[in-house]
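Visitor: I'm new to this structure. Please pick one part, look at it closely, and then show me how the rest can be read in the same spirit.

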Amino acid sequence: MELPKPGLKQKLILLFILTATVPLTVNNLILLNVQDISWTFALILTLFFLVAEALLSLFFAHKVTKPVEELETGSGYINGGNLNYRIRIQSGDEFEHLGETFNVLAQKLQESTQKSALDRDIILTEKNKSAVTLSSIADAVIAVDLSRNVTVFNKAAQQLTGFTAQEAIGKPIGSLIKIFENTDELSSLLYCPIKTDTFEGIVFNKQDLKLVSLKKQPQHLQPNHKEAFINLVVSHITEGTISNVGCVMTLHDITKEKQLEAMKLDFVTMAAHELRTPLTSIKGYLSVFLQESSKNLSEEQMMFLNRIDISTQQLGGLVDNLLSVSRIEKGMLSVATQPIDWTPLVKDVVNSFSNSAKEKKIQLTFIEPTQPVPKVSVDRLRITEVLFNLLSNAITYTHPGGIVKVWIETAPTEIITHIGDTGEGIPKEALPHLFTKFFRVAGNLEQGSKGTGLGLYISKAIIQVHKGKIWVSSELGKGSVFSFSLPL
Ligand code: ADP
């Protein structure tokens, strides 16, 4: 609003004087004429009235224009941004009321302006905090909008892919990176599904994926194919649709771990291969020696030689297991399957344990199936290894006097083989780790037995290449049942 123009007040006063005084003066003159008063007296009286009227008019004009002026000044100040200004009118009439209302409005405006400034500061601080947090996160964080175009690309994402944030933001995620599971490329539609509901949580979670960056080399303009191994977790937020957030991807770089693991694996493979040759000759000479010289040896010497033989066999088993692990880890565990009569094969393996069960005073039973079992397509050697591992564990981890039973169940699409024992059982917390590499249950049994923690890991891998499943149900102190299925 503009400040009052110069002369406006004067114009108002003059107008008021004219309208108020002219009729009065004329009336007075007429009255004087009528009552025949002398001319001088009439003139003085007229002048007196004129002055009185002028003063009165001035007084009233001032009473009206002052508050208007104050209001105009106040609104000018407030309009100019000075929200501290307060209008002071003490006329006791509507102008004063108007002034107060005006002040209340100014007060409220001031409060809300202060609040918005505070809110703006909070938002700005939060934004800065998020930016700092995002850039200091070791994992790559990439957010995409509902069209899968990148909106957030933190420092780790830049290091992982080679793209700068400026290069990446606004681009479709599929034009920046490719993600592979083994050799299969995963589409961004799969790992970053766009949901239009209010679902909040993880929508994709996979480990051991390969990431290929599509960043081009500036010199040759050829794809650089920067590769990394990642664990990928993709999440959705409830406000996704309204805030145009398609999904948030967290990429944990496991390249170094993979490289280290590959190095370890190479070392283990090499060591196992190197051990195998001398071990084979030790085994060979030992068996010849045991056969040919046993008659000339004392009982004690024979006992020593038998111990050497057992230890050599254990060492041979360990070397074989390490080589199997290396094959599994490199994805090179192959199977040569052929249709096999399942019942006789299982029975043979069970029978091969009858001596060790007897020695340990364990009752070992194979429960004959009541119905004929169809043939299964398996690799005889490998599947025998699984049966051997499970049976040997059942006998090892069952106390003398216990029972070990083996039985076969035929389902429409698979054959399930169970190996049950009345042994020590496995604690609940150990169950999820049971089929992992080098895992052994801590406790008395572990100390008493000479296992390596590889048998179940290898068995699981063998069953998986046969497209079957392996599982366990166990109760501490009561026993365990290990089961595996083979598809028909
Ligand atoms: P190893 O027997 O050579 O230690 P495994 O991978 O075969 O390795 O078994 C891993 C661990 O699982 C064992 O050390 C043992 O603690 C536990 N386990 C396996 N089978 C049984 C069983 N039948 N009863 C109790 N514990 C078992």
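Guide: Let's start with one bit of vocabulary: two strands pair if DSSP finds at least two bridges between them. Keep in mind, too, that this is a predicted model.

Now to the part I'd pick, an open sheet. Five strands make it up, in the order E9-E11-E12-E14-E13, and their pairing is mixed. At the edges stand E9 (363-367) and E13 (469-475); each has a single partner strand, so one side of each is left without a neighbour in the sheet. Going from one strand to the next, the twist averages 15 degrees.

Zoom in on the E13 edge. E13 and strand E14 (residues 479-487) run antiparallel and are joined by 7 bridges. For one of these, find Trp 471: its bridge partner in E14 is Ser 483. Just ahead of E13 comes a loop that links it to helix H14 (455-465), and Lys 467 lies in that loop. Most residues other than glycine have a negative phi. Lys 467 is not a glycine, yet its phi is positive, at about 65 degrees. Its relative accessibility is 70%, and because anything over 50% counts as exposed, Lys 467 is exposed.

Next, step to E12 (residues 414-421), the strand that holds Asp 421. What is the nearest side chain of opposite charge to this buried residue? It belongs to Lys 360, which is 9.8 Å away. A salt bridge needs a nitrogen and an oxygen within 4 Å, so Asp 421 has none, although it is buried. Its side chain does have a polar atom 2.9 Å from the backbone nitrogen of Gly 423. Setting aside neighbours within four places in sequence, the contacts of Asp 421 include Ala 394, Thr 398, Ile 403 and Val 404. Lys 478, Gly 479 and Ser 480 are also in contact with Asp 421.

Strand E1 (140-144) makes a good follow-up. All 5 of the 5 residues of E1 are buried, so the strand is largely enclosed by the rest of the structure. In a regular strand the side chains alternate between the two faces of the sheet. You can follow this in E1, where Ala 140, Ile 142 and Val 144 are buried on one side, and Val 141 and Ala 143 are buried on the other.

E1 pairs with E7 (residues 247-253) in the antiparallel sense, over 5 bridges. Val 141 has Thr 250 as its bridge partner in E7. E1 also runs antiparallel to E2, with 3 bridges, and there the bridge partner of Ile 142 is Phe 153. E1 and E2 form a hairpin with 5 residues between the strands, and in it Arg 148 takes a positive phi near 65 degrees. You met a positive phi at Lys 467 too. Arg 148, though, is buried, because its relative accessibility of 17% is under the 20% cut-off.

Asp 421 went without a salt bridge, so let's see where some are found. The structure holds 13 of them. One joins Glu 126 to Lys 129, with the closest N and O atoms 3.3 Å apart. These two sit 3 residues apart in helix H3 (residues 94-136), which separates them by about one helical turn. Glu 126 is partly exposed at 39%, and Lys 129 is partly exposed at 47%.

Another salt bridge brings together the side chains of Glu 181 and Lys 206, at 3.4 Å from N to O. This pair links distant parts of the chain, 25 residues apart: Glu 181 is in strand E3 (residues 177-181) and Lys 206 in strand E5 (residues 201-213).

One more to find: Asp 320 and Arg 276 meet through their side chains at 3.6 Å, N to O. Asp 320 lies in helix H9 (residues 299-329) and Arg 276 in helix H8 (residues 255-293), so their salt bridge ties together parts that are 44 residues apart in sequence. Asp 320, at 36% relative accessibility, is partly exposed, and Arg 276, at 38%, is partly exposed as well.

Note on methods
Residues numbered from 1 in each chain as written. Predicted model: local features only at pLDDT ≥ 70, side-chain atom pairs only at ≥ 80, totals over all residues. Heavy atoms only, no water. Helix = DSSP H or I, 4+ residues; strand = E, 2+ residues; numbered from the N terminus. Buried < 20%, exposed > 50% of the residue type's maximum accessible area, 1.4 Å probe, protein only. Lys, Arg positive; Asp, Glu negative; His and termini not counted. Polar contact = N/O pair within 3.5 Å; in protein donor to acceptor, adjacent residues only side chain to side chain. Contact = heavy atoms within 4.5 Å. Axes fitted to C-alpha atoms, helices over the stretch in contact; angles between N-to-C directions.
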